[in-house]
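Reader: I'm in my first year and still learning to read these things. Could you pick a single part and walk me through it slowly?

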Amino acid sequence: MEPTTYTISIYTENNVGLLNRISAIFLKRHINIESLTTSPSEIENVFRFVIVVKMTHESIVKVVKQIEKQIDVIKAFYHTDAETIFQESALYKIKSDALFEERHIQNIIKKSQANMVTVSPEFFVIEKTGFREETEKLYEDLRPYGLLQFVRSGRISVTKAKMGISEILNTFKSKNNEEKSS
Amino acid sequence: MKSAVKNKEGLLEAKGISGAEAVIRCLLAEGVDLVFGYPGGAIMPIYDELFKFQDQLHHVLTRHEQGATHMAQGFARTSGKVGVAMATSGPGATNLVTGIADAQIDSTPMVCITGQVASHLLGSDAFQETDIIGISTPVTKWNYQITQASEIPTILAKAFYIARSGRPGPVLIDITKDAQFETFDFSYSPCKGIRSYQPQTEVDHQAIQQAAALINQAQKPMIVWGQGVILGEAEKEFQAVVEKTKIPAVWTILGLSALPTNHPQNMGMVGMHGNYAPNLLTNECDLLIAIGMRFDDRVTGDLTTYAKQAKIIHFEIDPAEVNKNVTVDLAVMGNCKESLQQLLPLVEPKQLNDWYDRFETLKAIETEKVIDKDLFPTKPGLTMGEAIRAINTHTGGDAVIVTDVGQHQMVACRYAEFVQSKSNVTSGGLGTMGFALPAAIGAKMGAPQRHVVAVIGDGGYQMTLQELGTIFQQQLAVKIVVLNNEFLGMVRQWQQLFFDKRYASTEMINPNFLMIAQAYGIAAKKVDKREELDAAVAEMMATDGPYFLEVRVEKEDNVFPMIPTGASVSDIRLE
């Protein structure tokens with residue numbers, strides 16, 4: 001079976017060491033992580049991991065079960081690119097001289113719809129958010145003019161389908177309240 | 001497993017106590033009266049409190065921290081309670097890792113408590129600092145580092161809840177030394193649930209009905225049960241289903257003893273050195289009913305040829321185990337105690353005479369080619385099998401048999417007789433040599449009224465031999481039988497069969513085991529003649545207190561049947 005790109009979304013408690021625990025699941029199976037992002041989620045005190053991996057469907061099902069098995073993981077999902085809306089951000093740092101000496105750069109920036117983040121006498125920084133191909137194209141376009149630094153974030157994504165985390169948490173809460181009152 | 005929180009007067013509440021005292025109170029509240037461990041700098045405040053509470057909490061000083069984990073495992077396996085092991089930071093903590101990994105893969109409920117350097121020293125490479133959270137993460141069900149005393153009650157309550165609930169497993173709690181010294185107002189309440197953790201799902205009645213239908217339709221069904229029956233305390237429910245349906249039942253190594261050996265439907269062991277019929281008939285049955293087992297590679301052999309003709313039902317508590325190795329037709333999630341109870345009224349008795357005949361025919365072949373030669377040998381050298389037979393005779397089949405890893409383990413599990421559950425303690429998934437001696441100590445303390453016989457090879461025995469000191473100090477009546485073939489026998493067997501008899505580093509020049517045992521005040525005897533064996537085992541069992549028996553067995557015997565690694569269960573070899 002051909003590996004496919006999957007986005008794994010994990011809702012978790014915010015505990016020290018959980019990142020290690022989750023990455024260990026991939027390490028144990030000799031799977032390379034393409035990107036990994038953690039952030040708060042839409043729910044207070046619930047965190048969200050977005051992990052991108054290339055795997056077969058058979059393996060992703062098993063890995064997601066192993067992730068969900070971890071005590072501090074509330075729920076884990078996997079989705080194909082078609083099932084998610086995703087973006088990456090990239091930052092490009094370029095010598096300020098280039099902006100004035102190479103007229104071409106201005107056109108590239110304008111066409112790319114990148115944002116100017118900062119300009120100083122020594123350097124300027126632009127930011128581009130979009131699909132991998134878009135940030136990569138800008139990278140290729142700017143490279144001949146001497147990139148001082150380039151960095152790209154991991155993928156962030158939201159899914160087209162509902163994930164129902166609040167419902168899971170509410171069920172737990174109401175079940176616990178029942179127990180307390182009984 | 002039920003929580004056993006004790007509410008002795010004043011135990012659950014106390015003002016201005018140290019974190020260390022809080023740890024002891026948490027243990028007592030969880031019903032712990034026995035811990036295995038080894039002191040050291042970073043855990044000294046807790047040991048100081050152990051001293052003060054010694055009338056309520058017995059601490060077993062081991063001779064190595066690995067021993068503490070295996071003792072806690074042995075204790076958990078025979079008592080059904082959570083085993084507790086303690087160690088200091090650094091090397092104390094890293095020495096726990098083998099036992100934790102063993103408990104993780106064999107689903108043994110265990111809580112390990114480690115001391116850690118003071119929180120202001122974390123990350124400074126302080127004396128005996130090691131990142132035990134990082135190290136133990138892949139081999140624990142859960143772990144957590146406590147840096148403030150106020151965290152102790154909730155975290156320890158969670159630790160016990162997680163260790164014992166759902167599919168049990170090991171939990172490690174690392175406590176910095178300053179958190180042990182810090183004082184706070186203590187209040188304990190047991191953990192009743194964790195929002196991110198569903199230990200078991202409710203049994204789906206529709207799945208039960210589907211399972212019943214498959215079972216009622218089957219012509220050649222076979223039950224394969226594993227440790228889940230024991231961990232779920234489902235022996236009665238399991239036996240009821242077995243007896244009502246009349247389906248032949250076979251076991252994985254960790255399922256052993258859940259159904260008595262002499263039960264007419266107990267058809268033996270599956271797996272690499274299991275019985276002939278259960279392995280071959282795995283590939284002839286039309287329905288495989290897997291209960292509380294995980295299709296380990298040592299059970300299945302080659303997956304592409306495993307039970308392909310059969311429909312498979314999997315009764316399982318851990319969702320991650322379903323369709324992991326073997327794709328099943330139906331999964332019945334939940335604790336098998338509940339699911340089997342619900343299944344019982346829906347299943348019908350079967351007439352399976354022809355199917356049983358198949359088992360009997362194959363059993364007769366195995367008996368002639370293997371079993372008789374093992375148990376009633378006529379050649380001069382002693383066999384491991386006859387040593388196990390002698391143990392059966394003199395324990396009436398009612399002992400806890402603790403085994404290590406290797407040939408003796410396979411022989412003991414094949415031939416030891418059991419009349420009650422929780423009687424087989426062995427390192428299954430991890431295959432930890434050195435497991436048996438300390439595990440037998442824990443097993444005895446978990447079931448003090450029972451006979452505990454550790455059967456160990458000469459290799460594994462020397463991996464944790466120092467725990468004889470623990471037996472000596474605790475005055476424990478553990479019976480130790482070393483089956484000595486002066487080889488790392490299983491590796492040698494593989495070298496003979498698959499590496500053209502190149503016996504690379506498997507021959508052992510052994511010390512005088514009797515003198516070592518005697519040095520620890522343990523009665524000891526060596527047997528190398530058949531006519532002495534029976535009397536020696538009788539003497540061992542009749543002796544109060546510990547006993548060491550060395551049985552010199554044939555040096556180059558092999559264990560059969562055998563499914564070579566990666567071969568199909570159908571390719572099981574009898575010689």
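Author: Let's take one helix in chain A and then step back to the domains around it. This is a predicted model, where local features need pLDDT of at least 70, side-chain atom pairs count only at pLDDT 80 or more, and totals for chains, interfaces and linings use all residues. Residues are numbered from 1 along each chain as its sequence is written, while chains are lettered from A and ligands numbered from 1 in the order in which they are written.

Our part is helix H1 of chain A, residues 18-28. Helices here are DSSP runs (H or I, at least four residues), strands are runs of E with at least two, and both are numbered from the N terminus. In H1(A), the residues A:Leu18, A:Arg21 and A:Ile22 are buried. Looking down the axis of H1(A), you'd find its buried residues within an arc of 95°, so they line one face of the helix. That arc is taken from the directions running from the helix axis to the C-beta atoms. "Buried" means that 20 or more other C-beta atoms, placed from the backbone, lie within 10 Å of the residue's own. An α-helix has 3.6 residues a turn, so residues three or four places apart point the same way.

What's covering that face? Strand E1 (4-12), strand E3 (47-55) and helix H2 (57-69) of chain A are among the elements over the buried residues of H1(A). Just past H1(A), A:His30 takes a positive phi of about 55°.

Now step back. Chain A is divided into domain 1 (4-85 + 156-162) and domain 2 (87-152), with bounds from an automatic or database domain assignment. Taken over C-alpha atoms, the centres of these two domains of chain A are 31 Å apart.

How values were computed. A residue is buried if 20 or more other C-beta atoms lie within 10 Å of its own, exposed if 12 or fewer, and partly exposed in between; C-beta atoms are placed from the backbone. Two residues are in contact if their C-beta atoms, placed from the backbone, lie within 7 Å.
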